[in-house]
Each structure stands twice: as structure tokens, then as C-alpha cells.
Amino acid sequence: MRTSLLNGQQWAAVLRIGLGLWWLESFRHKNLEAWIRRQAGIKWAADIAAKHRWAAIGRGFDAVVKPHPQAMTWVVLASEFSLGVGLTLGFLTPVAAFASIALNLLYLVLMIHDWAEQGQNLMMILAAVVVLGTHGWQTWSLDHAIGLF
């Protein structure tokens with residue numbers, strides 16, 4: 001493969017770091033006071049799930065997420081922050097990339113009717129797949145520095 005400016009491993013690292021920064025921005029732009037004190041994010045998602053075209057999504061949300069809004073708020077916030085840090089620094093990169101795919105698939109299914117949201121989720125899934133396929137942890141990563149993977 002021919003590349004410009006950087007080699008293939010370095011470009012894979014750039015993509016990994018960019019995906020990590022995307023997750024950190026997803027965490028950063030949230031109104032944390034509203035999310036933590038009022039569980040605004042979970043309430044918003046509950047409204048989306050209640051109107052979802054697939055009844056199973058609403059039932060699943062009601063069974064798993066809705067009974068535990070405070071805990072699920074922290075799950076979402078911690079997941080987005082952890083994925084951002086892990087991918088940006090290249091720590092446990094394959095785990096973070098798989099988790100990135102899983103979380104984006106959950107968001108994608110919840111927001112299946114909103115094309116604007118789908119674009120972001122699909123691009124983040126694609127980036128994570130490329131990071132996995134190219135072993136994007138081989139360069140500029142803690143994984144490489146400490147000999148993981």
C-alpha cells in the first residue's frame with residue numbers, strides 16, 4: 001500500500017486517535033448537570049424508545065434502562081469517557097474498539113428513524129472496524145509501549 005506523509009500504521013493510529021477524540025467530544029458536550037441530577041439523557045432516550053417503530057426496543061428499554069435511570073446515566077457517561085480515553089491513548093484498544101461498535105449499534109438501533117444520528121453512528125462504527133482490521137494499536141499507543149496485543 002502506498003501512502004502519503006505517514007505510513008499505514010501511523011494512519012491507522014490517526015484514525016484511532018480521531019475516533020477517541022470523537023468519543024471524548026460526545027462526553028464533553030453533554031450538559032452534565034442535567035444528565036446527572038435530572039437524568040435528562042435517559043429521559044430523552046425513554047421518550048424515543050416509547051415512540052420507536054419496533055415495539056421490542058421500547059419494551060427492552062423499559063425493562064433494562066428505565067428502572068435504573070441514575071445507574072444507566074453513569075453507564076453512558078463512563079462508557080463514552082472511557083472509550084474516548086482508551087482509543088485516544090491506545091489503551092486496551094481492541095476492547096475499546098469492540099465496545100465502540102457495540103455502543104454505536106445500540107444508539108443506531110434506538111435512533112433508527114433519525115437519519116442525522118445514523119450517519120454519525122455509522123461513521124464511528126466504520127472507523128472502529130478499520131482500527132480493528134488494521135490493528136490500529138501498533139503505533140503511538142500505550143498498548144504497543146507495554147506490549148499488549
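**Entry 1: H1 against H5**

A crossing is left-handed if the near helix is turned anticlockwise from the far one by less than a right angle, and right-handed if clockwise. I wrote that down before opening the structure, which is a predicted model.

I started with helix H1, residues 8-28, and helix H5, residues 69-89. Their axes come within 7 Å and cross at roughly 155°. That angle makes H1 roughly antiparallel to H5, since angles over 145 degrees count that way. I then checked the hand, and the crossing of H1 and H5 is left-handed.

Next I listed who touches whom. On the H1 side I found Arg16, Ile17, Leu19, Gly20, Leu21, Trp23, Leu24, Ser26 and Phe27. On the H5 side I found Leu77, Glu80, Phe81, Leu83, Gly84, Val85, Leu87, Thr88 and Leu89. Sorted by class, this contact of H1 with H5 has twelve nonpolar, four polar and two charged residues.

**Entry 2: a look at Ser26**

I picked Ser26 out of helix H1. Is Ser26 buried or exposed? Its relative accessibility is 10%, so Ser26 counts as buried. I also looked across to Gly84, which is 58 residues away from Ser26 along the chain. In space, the C-alpha atoms of Ser26 and Gly84 are separated by 8.8 Å. Both residues were already on my list for the contact between H1 and H5.

**Entry 3: Lys30**

Moving along the chain, I came to Lys30, in the loop between H1 and helix H2 (32-38). Lys30 has 13% relative accessibility and therefore counts as buried, as the cut-off is under 20%.

Which residues does Lys30 touch, leaving out those up to four places away in sequence? I found Trp35, Val76, Leu77 and Glu80. With Glu80 there is also a polar contact between the side chains, at 2.8 Å. I noted that Leu77 and Glu80 are on the H5 side of the contact with H1 as well.

**Entry 4: H1 against H6**

Back to H1, this time with helix H6, residues 93-110. The axes of H1 and H6 come within 12 Å and cross at roughly 50°. H1 and H6 are therefore oblique to each other. H1 passes H6 in a left-handed crossing.

The contact uses Arg16, Leu19 and Trp23 of H1. From H6 come Thr93, Ser100, Leu103, Asn104 and Tyr107. By class I noted four nonpolar, three polar and one charged residues. Arg16, Leu19 and Trp23 also appear in my list for H1 with H5.

**Entry 5: H3 against H4**

I then turned to helix H3, residues 40-50, and helix H4, residues 55-64. Their axes are 8 Å apart and the helices pack at an angle of about 145°. In H3, I found Ile42, Ala45, Ala46 and Ala49 in contact with Ile57, Gly58 and Phe61 in H4. This contact has six nonpolar, one polar and no charged residues.

**Entry 6: two positive phi values**

Last, I checked some backbone angles. Gln39 has phi near 50°, a positive value in a residue other than glycine. Gln39 is found in the loop between H2 and H3. With 13% relative accessibility, Gln39 counts as buried.

Trp140 has phi near 55°, again positive in a residue other than glycine. Where is Trp140? I found Trp140 in the loop between helix H7 (115-133) and helix H8 (142-146). At 44% relative accessibility, Trp140 counts as partly exposed.

Definitions and conventions. Residues are numbered from 1 along each chain as its sequence is written. This is a predicted model: local features need pLDDT of at least 70, side-chain atom pairs count only at pLDDT 80 or more; totals for chains, interfaces and linings use all residues. Side-chain values use heavy atoms; hydrogens and water are left out. Axes are lines fitted to C-alpha atoms, for helices over the stretch in contact, and angles run from 0 to 180 degrees between N-to-C directions. Helices (H or I, at least four residues) and strands (E, at least two) are DSSP runs, numbered from the N terminus. Angles under 35 degrees count as roughly parallel, over 145 as roughly antiparallel, 65 to 115 as roughly perpendicular and the rest as oblique. Contact means heavy atoms within 4.5 Å. Ala, Val, Leu, Ile, Met, Phe, Trp, Tyr, Cys and Pro count as nonpolar, Asp, Glu, Lys and Arg as charged, and the others, Gly among them, as polar. Buried means under 20% relative accessible area, exposed over 50%, partly exposed in between (1.4 Å probe, protein chains only). A polar contact is a pair of N or O atoms within 3.5 Å; within protein, one must be able to donate a hydrogen and the other to accept it, and residues adjacent in sequence count only if both atoms are side-chain atoms.
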